[in-house]
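I sat down with this one to see how its pieces are laid out. Here are my notes, in the order I looked things up.

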Amino acid sequence: MTDQNSTGPAGWLLPTSLFTDHYELTMLEAALQSGAAHRRSLFEVFSRRLAEGRRYGVVAGTGRLLEGLATFRFGTEELDFLSDHRVVNDATLQWLADFRFSGNIYGYAEGEAYFPYSPLLQVESTFAEACILETYLLSVLNYDSAVASAASRMTSAANGRPCIEMGSRRINEESAVAAARAAVIAGFASTSNLAAGIRYGLKTVGTAAHSFTLLHDSEREAFEAQVASLGKDTTLLVDTFDVESGVRTAVEVAGRELRNVRLDSGDLVEQAHWVRSLLNELGNHETGIMVTSDLDEYAIAHLQSAPVNSYGVGTRLVTGSGAPTASMVYKLVSRQDGNGDWIDVAKASSGKGSLGGRKHAVRRLNASGRATAELLGVNQRAEAQADDRPLQHAFVRDGELQPGWTGPAAVTRAADRHRASRAELPAAVRRLQPGEPVIPTVFNEA
């Protein structure tokens, strides 16, 4: 695969080839030895089930993995490591040295809702090329989709009030960027992560923490310093000491132009009502209230009755709000035999089976544009009706990345896709109570 469409400074585009498991390369070596490595193969990414009680999932990470595919190379450092540790033999090292992905990749657009067995990504290439991508593809899709799925539930519960991603300090540095990107795809308005801002054009926000207040000799001095630097259109954290005193001091310092006060502890519902009354009493009717403090979709839904203007979400978001992985798998579903004919293959393990054959997916829509089913045709086009919506797109053709699926523009496109996809699902999609997928998956086998 060529890297002409990769985005960002070279420092961002580190080689991704060793973000993989040892056994992917030993399989490659054995397949090269047997001669089967060059058989044309089709792998599919899907999830057998949604996270416990979830009614839908959200696809995220596709743009990141496509960017990473451009740097999936085995240079001198990688090859020396594999050689020094005797991971693979010399013939396999030579094959890896020349590796460039030359196949096709199809899949669901980022931001799309998905359901059990949805063919989220299809990789068609030689077995060798597809095999060594497995771990990297799954690590990206599983994490990003888990965050996006949680974020979607949170933005749904927020019902139009802005959500801010602020979980960078709870995970490793690269996951923090991925989480911010996935959250914005699923409806978050902004992030605190600056690396995500520069890489993907995301809006970044932030003001001050409790330590800034404690640094100064008084809360007033801290607020005065913040306003002098950032202006009155800022958010003052008012619960370092006493909330009432903090709110009164904030208003005295910034006046009626103060944008927000932030609450980060205590009974947020009760405090929000009380602070709103105090702000109104002081004449700050336009000053908003931002709340933080280990929020998740349930806490956000609980706060719907409170006069809250925005939510800052961290730990629960970046850990998938109880579902830290989307449990996606990558399975060989079809391959060519020695004569070049395609044959379906499938895993038959108890509880972990798969269905062989190429899947074609459409979203069944009724006359009102409401989704009623996920239709999957096996080795044939799904029996679509006039209003049904095709779900699969070409991301890579013959090793060439297709335009529009990477970089900042792709995040905007994915966020638009998510809004439209969620809007067409049945109203039950907004329920936080555990339940079955909001629409069924229906197979149409040849």
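Before anything else, I fixed my terms: helices (H or I, at least four residues) and strands (E, at least two) are DSSP runs, numbered from the N terminus. I'm working from a predicted model, where local features need pLDDT of at least 70, side-chain atom pairs count only at pLDDT 80 or more, and totals for chains, interfaces and linings use all residues. Residues are numbered from 1 along each chain as its sequence is written, and side-chain values use heavy atoms, with hydrogens and water left out.

Helix on sheet. I found helix H6 (residues 134-158) lying across strand S1 (40-47), S5 and S12, at about 140 degrees to S12. Contact here means heavy atoms within 4.5 Å; axes are lines fitted to C-alpha atoms, for helices over the stretch in contact, and angles run from 0 to 180 degrees between N-to-C directions. Helix H2 (residues 62-69) lies across S3, S5, S17 and S18, at about 15 degrees to S17.

The sheet. I traced seven strands in an open, antiparallel sheet, ordered S13-S12-S1-S5-S3-S17-S18. Strands S13 (342-344) and S18 (400-401) are at the edges with a single partner strand each, so one side of each has no neighbour in the sheet. Two strands pair if DSSP finds at least two bridges between them; I noted three bridges for S12 (residues 328-336) with S13. Gln-336 sits opposite Trp-342 in S13.

Domains. I looked up the split: domain 1 (22-145 + 324-405 + 419-444) and domain 2 (207-308), with bounds from an automatic or database domain assignment. Their centres, taken over C-alpha atoms, are 45 Å apart.
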